[in-house]
Amino acid sequence: MDQKRPLLEDDDDFVYYTPGTQRRNRIIIALLAVYSMLVSVALIGALLLRIPPTKGDSLPLPPSIIQKELAHELQPVHAHPGSILSSHPSPEHDEAWSGLLRPLFVNVSATELMRVNVDPTKQLRLFEGGYIASLETYHHLHCIRRLKWHLYESYYFANITEGARKLEMNHMNHCIESLRLATMCHADTSLYTLKWRGEGKRPEPINHGQRKCTIWNQIEEWAMLRAVSNSPKLVNPDKLKVSGARAEEAGMLSY
């Protein structure tokens with residue numbers, strides 16, 4: 001059998017390539033080339049098809065039960081110490097909060113529920129027609145008021161039992177988590193700085209920014225037109241009986 005001189009040669013070792021060996025090598029080289037090409041195509045495809053991080057402005061808005069486009073305005077970022085809602089407990093304070101939360105529960109139709117991807121057949125119906133619901137923003141306001149009640153527990157919960165207290169604490173933890181998630185979702189990036197208060201005894205925060213705010217009257221007007229009693233008659237979808245229980249006793253938000 002004819003043999004060729006080795007491609008590589010050392011003093012002691014000789015490697016001979018027969019025609020069969022060369023043929024196998026060509027096949028191996030061809031397979032490696034195909035494999036390399038496939039890997040390269042896969043990497044290029046992965047780079048081309050990679051989905052970049054979605055910018056907030058390009059995210060589609062989730063469906064809203066309020067169909068009209070809500071108007072906004074710029075407001076300075078500061079508290080309103082003169083607001084009756086931030087005062088100490090009093091009949092006027094409680095009346096103001098009750099007025100703000102008057103449309104906590106609203107009546108919505110089956111069509112409106114389906115518009116926001118909610119199955120009407122699994123929701124509580126009102127005896128007079130429609131379904132009981134609540135906007136999340138009113139849920140947050142409810143939570144804020146409920147938390148304030150616990151700042152003045154002797155005023156609002158003078159005769160609370162241990163069992164009721166345990167339920168309230170679970171309720172408050174739920175409210176705090178809801179408010180935390182909402183605050184982080186609607187992150188306000190206006191800037192705070194500090195100044196000396198009085199004669200330099202302690203720092204005081206100052207906010208210099210503005211924020212884009214929904215004009216509240218639009219939401220309140222929409223909700224007030226649909227507001228239902230806080231003691232509505234509800235139809236049990238399983239037993240088809242009318243219940244006169246308060247909404248919170250039927251598993252809705254605690255008022």
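Leaving aside its neighbours within four places in sequence, which residues is Trp-222 in contact with? Select Trp-222 and see. Its partners are Ile-65, Ile-66, Val-106, Val-108 and Leu-135. Contact here means heavy atoms within 4.5 Å.

**Before you go on**

This is a predicted model, in which local features need pLDDT of at least 70 and side-chain atom pairs count only at pLDDT 80 or more, while totals for chains, interfaces and linings use all residues. Residues are numbered from 1 along each chain as its sequence is written, and side-chain values use heavy atoms, with hydrogens and water left out.

**Stop 1: the whole chain**

Show the chain as a cartoon. It has seven helices and nine strands. Helices (H or I, at least four residues) and strands (E, at least two) are DSSP runs, numbered from the N terminus.

Now switch on the surface. The accessible surface is about 19,000 Å². Carbon and sulfur atoms hold 59% of that surface. The areas come from the Shrake-Rupley method with a 1.4 Å probe; for residues, only the protein chains shown count as cover.

Of the 255 residues, 24% are buried. Buried means under 20% relative accessible area, exposed means over 50%, and partly exposed lies in between (1.4 Å probe, protein chains only).

Look at contacts between residues at least 6 apart in sequence. Of these, 65% join residues at least 24 apart.

**Stop 2: the core**

Go back to Trp-222. Add Val-108, Leu-135 and Tyr-138. In the largest nonpolar core, which has 22 residues, these four touch the most other members. At least two residues of this core come from each of α2 (91-100), β2 (106-108), β4 (131-133), α4 and α7 (216-224). A nonpolar core is a set of buried Ala, Val, Leu, Ile, Met, Phe, Trp, Tyr and Cys residues joined through side-chain atoms within 4.5 Å.

**Stop 3: helix α6**

Select residues 162-185. This is helix α6, with 24 residues. Its end C-alpha atoms are 35 Å apart, which agrees with the 34 Å expected at 1.5 Å a residue. The expected span is 1.5 Å times one less than the number of residues.

Which residues of α6 are buried? Colour Glu-168, His-171, Met-172, Cys-175, Ser-178, Leu-179 and Ala-182. An α-helix has 3.6 residues a turn, so residues three or four places apart point the same way. The buried residues of α6 pack against α4 (136-151).

**Stop 4: His-139**

Cross to α4 and pick His-139, which is found in that helix. Is His-139 buried or exposed? It is buried, because its relative accessible area is 7%.

Now add His-174. A polar contact of 3.1 Å joins the side chains of His-139 and His-174. A polar contact is a pair of N or O atoms within 3.5 Å; within protein, one must be able to donate a hydrogen and the other to accept it, and residues adjacent in sequence count only if both atoms are side-chain atoms.

Add Ser-178 too. His-139 and Ser-178 are 39 residues apart along the chain, and their C-alpha atoms are separated by 8.8 Å.

**Stop 5: strands β5 and β6**

Select residues 192-197, strand β5. How many of its six residues are buried? The count is zero, so β5 is hardly covered.

Add residues 202-207, strand β6. The two strands pair in the antiparallel sense over six bridges. Two strands pair if DSSP finds at least two bridges between them. One bridge joins Tyr-192 to Asn-207 in β6.

Stay on Asn-207. At 14% relative accessibility, Asn-207 counts as buried. Its side chain makes a 3.2 Å polar contact with the side chain of Ser-190. The side chain of Asn-207 also reaches the backbone nitrogen of Gly-209 at 2.7 Å. Leaving aside neighbours within four places in sequence, Asn-207 is in contact with Val-77, Ser-190, Leu-191 and Tyr-192.

**Stop 6: helices α2 and α3**

Pick Ala-96 in helix α2. At 23% relative accessibility, Ala-96 is partly exposed. Leaving aside neighbours within four places in sequence, Ala-96 is in contact with Ile-84 and Leu-85.

Next, pick Glu-112 in helix α3 (residues 110-115). Glu-112 is buried, at 9% relative accessibility. Not counting residues up to four places away in sequence, Glu-112 touches Ile-65 and Arg-226.

**Last stop: Asn-117**

Select Asn-117, in the loop between α3 and β3 (125-126). Its relative accessibility is 66%, so Asn-117 counts as exposed. Check the backbone as well. Phi of Asn-117 is near 65°, a positive value in a residue other than glycine.
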